[in-house]
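Q: I am new to protein structures and would like to look closely at one part of this one. Please pick a part and show me how it sits in the rest.

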Amino acid sequence: MYKYLFGPVPSRRLGMSLGVDLVPNKICTLDCVYCEVGKTSKLTSDRKEYIECSKVIKELNHYLLNNPSPNCITLTGSEEPTLNSKIGEIIKLIKQQHIGLPVAVITNGTLLNDPKVRTELKDVDIVLPSLDAATKGIFEAINKPHSQINIEHHISGLIEFSKYFNGKLCLEVMVLPGYNNHHKELLELKRLLIK
Ligand code: SF4
């Protein structure tokens, strides 16, 4: 059937959401201990057209022509969607060809430090990034990042994006017993969130 689409699935925040995979399983900038998909097979921060933009748009157009419209198109999957260097073009084409259909991006947020990625996501309706730690040791223990990714860049990317983005931003924090559920880390996270 469809190779890059999944669902639509009901989502509390997004309604009936049609998922779109932009990167093959399982390429990610992180290797989180809680990842439902399993271990990251390729840990990288290199952006590429991992799945061709034209193939994604072709499938999406076919789906939307032959099925009831979902409430939202969600760029996500079992990996990090912003690793696809054509995400900006894909968003632009969805917005041009399906006017009024909201687009969401579920991202771990680690590439938002790159101004190009922030620009590419600017026309999205909802961005749902993650932040599980406020400090280096906890970030490394929970999220096991690629060597080019660090907590300072992760946090500054989120802060810059929150200043620049006009859509809805929903930050997700995974609280993990034994990792980040102690008073000091939670207070530091709170301090960052209200910054
Ligand atoms: S960022 Fe998401 S896909 Fe990547 S390892 Fe963490 S939970 Fe899994």
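A: We will look at the start of the chain, then follow it into its surroundings, with a short stop elsewhere for comparison.

Please keep in mind that this is a predicted model, where local features need pLDDT of at least 70 and side-chain atom pairs count only at pLDDT 80 or more, while totals for chains, interfaces and linings use all residues. Residues are numbered from 1 along each chain as its sequence is written.

Here is the overall setting. The protein chain has 6 helices and 8 strands; helices (H or I, at least four residues) and strands (E, at least two) are DSSP runs, numbered from the N terminus. In sequence order, they follow the pattern β-β-β-β-α-β-α-β-α-β-α-α-β-α. The C-alpha trace spans about 50 × 35 × 30 Å along its principal axes.

Now to our part. Tyr 4 lies in the segment before strand 1 (5–11). Is Tyr 4 buried or exposed, or something in between? With 19 other C-beta atoms within 10 Å, Tyr 4 is partly exposed. The rule, with C-beta atoms placed from the backbone, is that a residue is buried if 20 or more other C-beta atoms lie within 10 Å of its own, exposed if 12 or fewer, and partly exposed in between.

Which residues does Tyr 4 touch, leaving aside neighbours within four places in sequence? They are Val 20, Asp 21, Ile 51, Lys 55, Val 56 and Glu 59; contact here says that the C-beta atoms, placed from the backbone, lie within 7 Å. Gly 19 is 15 residues from Tyr 4 along the chain, and their C-alpha atoms are separated by 8.2 Å.

Next comes the strand itself. A hairpin of 3 residues joins strand 1 to strand 2, and these strands pair in the antiparallel sense over 5 bridges. Pairing requires that DSSP finds at least two bridges between two strands. Leu 5 has Val 20 in strand 2 as its bridge partner. In general, strands of a sheet pair through backbone hydrogen bonds, either parallel or antiparallel.

Step back to the sheet. Its 6 strands run in the order 1-2-5-6-7-8, forming an open sheet with mixed pairing. Strand 1 and strand 8 (168–169) are the edge strands, each pairing on one side only. Further in, strand 5 and strand 6 pair in the parallel sense over 3 bridges, and Thr 74 stands opposite Ala 104 in strand 6.

Val 20 also leads us to the core. The largest nonpolar core has 35 residues, and Val 20 is listed with Leu 22, Val 103, Ala 104, Val 105 and Val 124 as having the most contacts inside it. Such a core is a set of buried Ala, Val, Leu, Ile, Met, Phe, Trp, Tyr and Cys residues joined through C-beta atoms within 7 Å. Among the elements that each supply at least two residues are strand 2 (15–21), helix 1 (53–66) and strand 6 (103–106). Not counting residues up to four places away in sequence, Val 124 touches Ile 91, Val 103, Ala 104, Val 105 and Gly 167.

For comparison, visit helix 4 (residues 136–143), where Ile 138, Phe 139 and Asn 143 are buried. The face turned away from that buried side carries the exposed residues Lys 136 and Gly 137. Helix 5 (151–164) and helix 6 (183–193) are among what covers the buried residues of helix 4.

Notes
Two residues are in contact if their C-beta atoms, placed from the backbone, lie within 7 Å.
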